[in-house]
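Biologist: Please put the structure up. I have questions about the fold, the DNA strands and a few residues.

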Protein chains: 2
Amino acid sequence: MTGRKQFAVDDALDAAVRVFWERGYDGATVAHLLEGTGLGRGSLYATFGDKEELFLACLDRYATTVAARLLAALRSHPGDPRAAVGAMYTAILARMQDPGCPSGCLVTLSAGECATLPQRAREVVQQLIAGQVREVRGVLAEGASCGVVPHGGDPDALAEYLVGTAQTLALLHRAGTDVPTLRGIADTALHVLHPEVP
Amino acid sequence: MTGRKQFAVDDALDAAVRVFWERGYDGATVAHLLEGTGLGRGSLYATFGDKEELFLACLDRYATTVAARLLAALRSHPGDPRAAVGAMYTAILARMQDPGCPSGCLVTLSAGECATLPQRAREVVQQLIAGQVREVRGVLAEGASCGVVPHGGDPDALAEYLVGTAQTLALLHRAGTDVPTLRGIADTALHVLHPEVP
DNA sequence: ACATTCTTGGACCGATCGTTCCAAGTAGCC
DNA sequence: GGCTACTTGGAACGATCGGTCCAAGAATGT
């Protein structure tokens with residue numbers, strides 16, 4: 001029919017990300033992916049390989065586009081960990097109010113699916129979460145050297161806790177919790193960085 | 001072959017809970033349920049109806065057995081919300097170290113699956129989460145009247161936050177996080193109930 | 001103009017999904 | 001001991017799953 005590709009690979013990838021984001025790895029069928037991307041079977045398999053490979057490509061795409069914006073928010077307040085993490089939470093909540101965006105977070109969704117995920121996908125998901133923790137830990141360390149993080153406990157646990165809270169927001173959003181309630185949860189979580197209270 | 005039932009319904013239900021708990025609603029096939037319960041197709045369908053009805057029965061069973069134990073821990077420290085929620089977290093973490101128990105929590109797992117769950121199941125999951133929040137809110141209110149909860153913000157948000165943290169523990173456990181790390185997260189989260197710090 | 005290379009949509013595949021159905025057989029009742 | 005009511009395991013069902021294959025046709029190079 002054509003000779004050269006009739007579509008932009010990145011556009012199709014974005015569409016596939018959206019399908020997985022809406023339905024999860026198991027819940028997204030190839031038929032859903034075909035409908036979402038607008039591709040035919042031949043094009044999809046020739047371009048992306050099988051469902052697992054496509055999913056891995058989608059995780060990567062998600063990390064470099066969607067998650068990257070959250071990371072930018074996190075880094076936008078150097079030296080002030082509370083403002084940095086707060087900005088990340090705010091960015092997450094803002095995205096949830098975009099009706100064009102699926103609910104929750106692809107990484108959180110996939111983390112819940114870990115038990116039934118292909119091994120490579122499970123490993124990538126774990127790496128993505130570990131990467132988020134590493135980023136937050138970096139921000140905290142930077143702030144601690146400026147004397148802004150007065151927390152007395154384990155800094156590693158603090159970073160995991162803050163990332164875990166972000167995943168809580170995504171999970172509860174997926175379960176139908178409204179954004180104002182999530183805002184309250186995020187604000188409450190940030191009190192840990194604030195022993196002297198609001 | 002028999003004339004009267006050859007198995008205890010509650011035992012079969014417990015086995016089915018375990019299967020759903022391990023693989024989620026979508027991931028658990030009827031074949032898995034047959035293997036897990038040891039029943040034949042005829043017995044399973046005659047006793048529990050279709051997969052959705054069985055799942056609803058499993059959610060109920062889970063709530064009245066597994067979740068009930070966590071609730072008991074929560075209520076075991078009347079007047080001391082921090083000890084109460086801490087005991088609940090400890091009970092969650094203790095269960096995770098039981099090798100005979102699937103990882104995470106059936107409710108949390110199902111919350112992540114909400115988008116692809118049958119409507120009635122989704123509603124039940126939301127009700128279960130709302131019930132947990134109500135319980136924690138009750139404990140907090142009881143403690144506040146005793147002057148133990150010094151938090152200045154929204155008490156509803158505080159309850160949702162504490163339940164959300166429990167779900168974080170379950171989600172991260174499912175994703176492979178080890179229990180000591182989860183312990184650190186739980187301890188960090190409890191600092192919110194402790195403005196004057198450890 | 002021709003041959004080659006690549007893309008494309010759909011037909012098609014075996015496997016597996018959830019569900020229905022039924023012959024075989026047992027327990028309880030009169 | 002016959003009759004009814006019930007349970008049971010497995011056969012079988014249509015639908016759908018992920019994946020393969022291929023004829024048709026368009027772009028490229030010479």
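The questions below go from the whole chain to single residues.

Biologist: What is this model, and how are residues, chains and ligands numbered?
Modeller: This is a predicted model: local features need pLDDT of at least 70, side-chain atom pairs count only at pLDDT 80 or more, and totals for chains, interfaces and linings use all residues. Side-chain values use heavy atoms, without hydrogens and water; chains are lettered from A and ligands numbered from 1 in the order written, and residues are numbered from 1 along each chain as its sequence is written.

Biologist: How many helices and strands does chain A have?
Modeller: Helices (H or I, at least four residues) and strands (E, at least two) are DSSP runs, numbered from the N terminus. Along the sequence the pattern of chain A is α-α-α-α-α-α-α-α-α. The C-alpha trace spans about 65 × 30 × 30 Å along its principal axes. The count for chain A is nine helices and zero strands.

Biologist: What share of chain A is buried?
Modeller: Buried means under 20% relative accessible area, exposed over 50%, and partly exposed in between (1.4 Å probe, protein chains only). Chain A has 198 residues. The buried share of chain A is 51%.

Biologist: Of the chain A contacts with a separation of 6 or more, what percentage joins residues 24 or more positions apart?
Modeller: Contact means heavy atoms within 4.5 Å. Among chain A contacts with a separation of 6 or more, the share from residues 24 or more positions apart is 69%.

Biologist: Why is H9(A) largely enclosed by the rest of the structure?
Modeller: H9 of chain A covers residues 179–190 and reaches 16 Å from first C-alpha to last, close to the 16 Å expected at 1.5 Å a residue. The expected span is 1.5 Å times one less than the number of residues. Its cover includes H5 (81–96) and H8 (155–174) of chain A, together with H8 (155–174) of chain B. H9(A) is largely enclosed because the number of its 12 residues that are buried is nine.

Biologist: Where is A:Gln167, and which chain B residues does A:Gln167 contact?
Modeller: A:Gln167 is in helix H8 of chain A. At 2% relative accessibility, A:Gln167 counts as buried. Leaving aside neighbours within four places in sequence, its contacts include A:Thr108, A:Ile129 and A:Gln132. From chain B, A:Gln167 contacts B:Leu171 and B:Leu172.

Biologist: Which residues come closest to DNA strand C?
Modeller: A residue is near a strand if one of its heavy atoms lies within 4 Å of it. By that test 21 residues surround DNA strand C. Of the strand C atoms within 4 Å of the protein, 68% belong to sugar or phosphate and the rest to bases. The closest residues are A:Thr2, A:Gln6, B:Val30, B:Arg41 and B:Lys51.

Biologist: Which side chain has an N or O atom 2.3 Å from a base oxygen of DNA strand C?
Modeller: A polar contact is a pair of N or O atoms within 3.5 Å; within protein, one must be able to donate a hydrogen and the other to accept it, and residues adjacent in sequence count only if both atoms are side-chain atoms. The backbone of A:Gly40 puts an N or O atom 3.0 Å from a phosphate oxygen of strand C. The side chain of B:Lys51 has an N or O atom 2.9 Å from a phosphate oxygen. The base oxygen at 2.3 Å pairs with the side chain of B:Arg41.

Biologist: Which element gives the most residues to the surface near DNA strand D?
Modeller: Around strand D there are 22 residues, and A:Val30, A:Arg41, A:Lys51, B:Thr2 and B:Gln6 come nearest. A polar backbone atom of B:Gly42 lies 3.4 Å from a base nitrogen of strand D. H3 of chain A and H3 of chain B each give two or more residues to this surface. With three residues, the top contributor is H3(B).

Biologist: Where does UniProt place the "DNA-binding region" on chain A?
Modeller: The record is an unreviewed entry. UniProt positions follow the numbering used here, feature names are shortened, and annotations may be inferred rather than shown by experiment. The span is 80% helix and 0% strand, with end C-alpha atoms 15 Å apart. UniProt places the feature at residues 29–48.

Biologist: How far apart are the C-alpha atoms of B:His77 and B:Ala87?
Modeller: B:His77 lies in the loop between H4 (51–74) and H5 (81–96) of chain B. B:His77 is partly exposed, at 33% relative accessible area. B:His77 and B:Ala87 are 10 residues apart along the chain, and their C-alpha separation is 8.1 Å.
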